[in-house]
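Visitor: I have a structure to look at and a list of words I do not trust yet. Could you show me how each label is earned?

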Amino acid sequence: MSANLARERKMLVEKLKIEGIIKSNLIEEAFLAVPREFFVPDHLRMYAYSDTPLPIGCGQTISAPHMVAIMTEELRVKPGDTVLEIGTGSGYQATILAHIVSKKPGGHVYTIERIPQLARRAVVNIANARPDILYCITVIIGDGSKGVELFQPYDKIIVTAAAPQIPEPLIQQLKPGGTMVIPVGDRWEQVLQVVIKDERGYVSIRDSIACIFVPLIGQYGWRNEYDYIT
Ligand code: SAM
């Protein structure tokens, strides 16, 4: 089972490289080093290397591998970075990021999840999959649409749920020279936006690709699951 999954992981990475989705060595290496099967429910392990989102409970999903790769490439995360992720979900994206930032001392991933059961499960998933990098991941329970004041500013911010607009606190908590990726739009269609704050603090926004994420629910997101169905 496990040898098969390792082979499937390699095949998926090859496919994402051929498709031009995985571009950098750092991200290729991270995808090979983080076993996705630890982040999906047991009965779905056989689908861990299908390039699709999968349910993780509480009505939420682990994103498709190609989307994790695209967002990680757009984020331009590097060893030593301090990263904030909003939407921990299964903990898979946080672990991919931690594999990269942990290559240089000081690198850390703060990840925040609004559903406590998922946050607790994510810690277990990370500990089972990559106990060696658990030390550089902090999982927080709360409303990430407000960011996380305590550990700001961040070199990189990645939002893995869809917002109606870019939350102002996230722009404030991004370092000058920093990058944020965030899906912005309505329920059924969003655009992945890449937000760059230059060294003088000026912000520019570029549209990347069309995408579909579960909603960001909170003070600076949607009010609830139904708010955005209009
Ligand atoms: N990055 C995750 C992974 O690797 O499995 C997938 C994230 S899933 C697509 C989106 C997550 O965002 C859900 O777990 C959802 O509960 C969470 N979420 C939605 N609104 C949030 C908020 N305001 N603060 C924190 N988490 C939020």
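Guide: Start with the ligand. It is surrounded by 27 residues, and the closest are Glu 85, Ser 90, Glu 113, Gly 144 and Ile 217. Keep in mind that this is a predicted model.

Visitor: What makes a residue count as near the ligand?

Guide: One of its heavy atoms must lie within 4 Å of the molecule. By that test, 27 residues surround the ligand.

Visitor: How do you know that Glu 113 makes a polar contact with the ligand?

Guide: The cut-off for a pair of N or O atoms is 3.5 Å. A polar side-chain atom of Glu 113 lies 2.6 Å from an oxygen atom of the ligand. That value is within 3.5 Å, so the pair counts as a polar contact.

Visitor: Which atoms of Thr 160 and Ile 217 face a nitrogen atom of the ligand?

Guide: For Thr 160 it is a polar side-chain atom, 3.2 Å from a nitrogen atom of the ligand. For Ile 217 it is a polar backbone atom, 2.7 Å from a ligand nitrogen. Taken alone, the ligand exposes 600 Å², and the protein buries 99% of that.

Visitor: Where does the ligand sit, and which elements supply its shell?

Guide: The space it takes is the largest pocket. β2 (60–62), α4 and β4 (108–113) each supply at least two residues of the shell. β2 gives the most, with 3 residues. By type, the shell divides into 10 nonpolar, 13 polar and 4 charged residues.

Visitor: What makes helix α4 "mostly covered"?

Guide: Count its buried residues. In α4, residues 92–101, 10 of 10 are buried. Among them are Tyr 92, Gln 93, His 99 and Val 101.

Visitor: Why is Gln 93 called buried?

Guide: Buried means under 20% relative accessible area. Gln 93 has 6%, so the label fits. This residue is in helix α4.

Visitor: What makes the link between Gln 93 and Thr 72 a polar contact?

Guide: Their side chains are joined at 3.0 Å. The limit is 3.5 Å, so the distance passes. Thr 72 is one of the buried residues of helix α3.

Visitor: How many residues of α3 are buried?

Guide: In α3, residues 65–75, 10 of 11 are buried. They include Met 67, Met 71 and Leu 75.

Visitor: Why is Met 71 called buried?

Guide: Met 71 has a relative accessible area of 1%. That is under 20%, so Met 71 is buried. It lies in helix α3. Met 71 and Gln 93 are 22 residues apart along the chain, and their C-alpha atoms are separated by 9.5 Å.

Visitor: How do you know that Met 180 is buried?

Guide: Its relative accessible area is 0%. The cut-off is under 20%, so Met 180 is buried. Met 180 is found in strand β7, residues 174–185. In sequence, Met 180 and Leu 75 are 105 residues apart; in space, C-alpha to C-alpha, they are 6.4 Å apart.

Visitor: Why does Arg 76 count as exposed?

Guide: Exposed means over 50%. Arg 76 has 64% relative accessibility, so it counts as exposed. Its place is in the loop between α3 and β3 (82–86). Its phi is near 55 degrees, a positive value in a residue other than glycine.

Visitor: Why is Cys 58 called partly exposed?

Guide: Partly exposed is the range between the 20% and 50% cut-offs. Cys 58 has 41%, so it falls in that range. Cys 58 is in the loop between β1 (54–57) and β2. It also has a positive phi of about 55 degrees, although it is not a glycine.

Visitor: Is Arg 9 buried or exposed?

Guide: Buried. Its relative accessibility is 13%, and the cut-off is under 20%, so Arg 9 counts as buried. Arg 9 is found in helix α1, residues 2–18. Its side chain makes polar contacts with the side chains of Glu 37, at 3.2 Å, and Tyr 49, at 2.8 Å.

Visitor: Which peptide bond is cis?

Guide: The one from Gln 152 to Pro 153, with omega near 5 degrees. Pro 153 lies in the loop between β5 (137–141) and β6 (154–159).

Conventions: Residues are numbered from 1 along each chain as its sequence is written. This is a predicted model: local features need pLDDT of at least 70, side-chain atom pairs count only at pLDDT 80 or more; totals for chains, interfaces and linings use all residues. Side-chain values use heavy atoms; hydrogens and water are left out. Buried means under 20% relative accessible area, exposed over 50%, partly exposed in between (1.4 Å probe, protein chains only). Helices (H or I, at least four residues) and strands (E, at least two) are DSSP runs, numbered from the N terminus. A polar contact is a pair of N or O atoms within 3.5 Å; within protein, one must be able to donate a hydrogen and the other to accept it, and residues adjacent in sequence count only if both atoms are side-chain atoms. Accessible areas come from the Shrake-Rupley method with a 1.4 Å probe; for residues, only the protein chains shown count as cover. On a 1 Å grid over the protein atoms alone, a cavity is a set of points where a 1.4 Å probe fits but cannot get out, and a pocket is an open set with protein on both sides within 12 Å along at least five of seven lines; lining residues have an atom within 4 Å of a point. A molecule sits in a cavity or pocket if more than half of its atoms lie within 2 Å of its grid points. Ala, Val, Leu, Ile, Met, Phe, Trp, Tyr, Cys and Pro count as nonpolar, Asp, Glu, Lys and Arg as charged, and the others, Gly among them, as polar.
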